[in-house]
Amino acid sequence: MITGLSTIFLWVSSIDDALPWWRAFGIEPGDRFGTWQEMQTPGETTFALHEDPTQRTGVNAVIAFSVEDLAAELLRLSSVGISPNGPIANAGARSFATFTDPDGNRMQLSQLNP
């Protein structure tokens, strides 16, 4: 069961090049974990930049919904014919499973790691 909106992140070609624009926009960087740059915004939802130097077309943002038990939720979704795009990804603080909806939009289910 989804418990909230966890993360909104944007892919950027270079975090270092993107930060001046976001600072000028009024959003300061927070903690950085390799290719993942959290940005300081109010509220419960994390906004982050995710670095990928390859040229992207189409989707450049993903919404991640929080779940308490990712494995249980994957089992439930499987029972109704919905499967993730690949294996669970461990990003340190969170584990993610990525899905694509019928219109090609990507979303993730995200569980806080212990």
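# Salt bridges, pockets and a few spot checks

Ala89 has a relative accessible area of 40%, which puts this residue in the partly exposed class. Keep in mind that you're looking at a predicted model. On the menu are three salt bridges, a largest pocket of about 370 Å³, a second largest one of about 150 Å³ and a nonpolar surface patch of about 210 Å².

**Salt bridges**

- How many salt bridges does the structure hold? The count is three, and here they are one by one.
- Arg32 pairs with Asp16, with 2.9 Å between the closest N and O atoms. Arg32 sits in strand β2 (residues 29-33) and Asp16 in helix α1 (residues 15-25), so this bridge ties together parts that are 16 residues apart in sequence.
- Are the two ends of that pair buried or exposed? Arg32 is partly exposed at 36% relative accessibility, while Asp16, at 52%, counts as exposed because the cut-off for that class is over 50%.
- Glu28 and Arg23 make another bridge, their closest N and O atoms being 3.2 Å apart. Glu28 has a relative accessible area of 37% and is partly exposed; Arg23, at 40%, is partly exposed as well.
- Glu73 bridges to Arg76, and here the closest N and O atoms are 2.7 Å apart. Both belong to helix α2 (residues 70-79), where a spacing of three residues separates them by about one helical turn.
- What about the cover on that last pair? Glu73 is down at 6% relative accessibility, so it counts as buried, the cut-off being under 20%. Arg76, at 44%, is partly exposed.
- As background, side chains of opposite charge can pair when their charged atoms come close.

**The largest pocket**

- About 370 Å³ of space lies in this pocket, and its lining is made up of 17 residues.
- Which residues lie nearest its centre? That would be Phe9, Trp36, Ala91, Arg94 and Phe96.
- Strands contribute plenty here: β1 (2-12), β3 (36-39), β4 (46-51), β7 (94-100) and β8 (106-112) each bring at least two residues to the lining.
- By class, you get nine nonpolar, five polar and three charged residues in the lining of the largest pocket.

**The second largest pocket**

- This one holds about 150 Å³ of space.
- The two partners of the α2 salt bridge, Glu73 and Arg76, turn up again among its lining residues. Ile2, Leu77, Ile82, Ser83, Asn85, Phe99, Thr100, Met107 and Leu109 complete the lining.
- Which element gives the largest share of that lining? Helix α2 does, with three residues.
- α2, β7 and β8 each supply at least two lining residues. Strands β7 and β8 also each supply at least two residues to the lining of the largest pocket.
- The lining of the second largest pocket splits into six nonpolar, three polar and two charged residues.

**Nonpolar surface patch**

- Leu5, Ile8 and Ile63 together make a nonpolar patch of about 210 Å² on the surface.
- Ile8 is part of strand β1, an element that also helps line the largest pocket.
- Ile8 has a relative accessible area of 31% and is partly exposed. That value gets Ile8 past the accessibility requirement for patch membership, because the cut-off is over 30%.

**Spot checks on single residues**

- Back to Ala89: this residue is found in strand β6 (residues 89-90). Its C-alpha atom is separated by 9.5 Å from that of Ser110, which is 21 residues away along the chain.
- Ser95 lies in strand β7. Is Ser95 buried or exposed? With 11% relative accessibility, Ser95 counts as buried.
- Ser95 and Leu70 have their C-alpha atoms 8.0 Å apart in space, with their positions 25 residues apart in sequence.
- Where is Asp69 found? Asp69 is in the loop between β5 (61-67) and α2, and at 43% relative accessibility this residue is partly exposed.
- Asp69 and Glu44 are also 25 residues apart in sequence, but their C-alpha atoms are 19 Å apart.

Definitions and conventions:
Residues numbered from 1 in each chain as written. Predicted model: local features only at pLDDT ≥ 70, side-chain atom pairs only at ≥ 80, totals over all residues. Heavy atoms only, no water. Salt bridge = Lys/Arg side-chain N within 4 Å of Asp/Glu carboxyl O. Helix = DSSP H or I, 4+ residues; strand = E, 2+ residues; numbered from the N terminus. Buried < 20%, exposed > 50% of the residue type's maximum accessible area, 1.4 Å probe, protein only. 1 Å grid on protein atoms, 1.4 Å probe; cavity = no way out; pocket = protein on both sides within 12 Å on 5 of 7 lines; lining within 4 Å. Points joined across faces, edges and corners; volume = space filled by probe spheres on them. Nonpolar A, V, L, I, M, F, W, Y, C, P; charged D, E, K, R; others polar. Patch = residues over 30% accessible without salt bridge, like charges linked within 9 Å, V, L, I, M, F, W, Y side chains within 5 Å. Areas by Shrake-Rupley, 256 points an atom, 1.4 Å probe, with all protein chains shown as cover.
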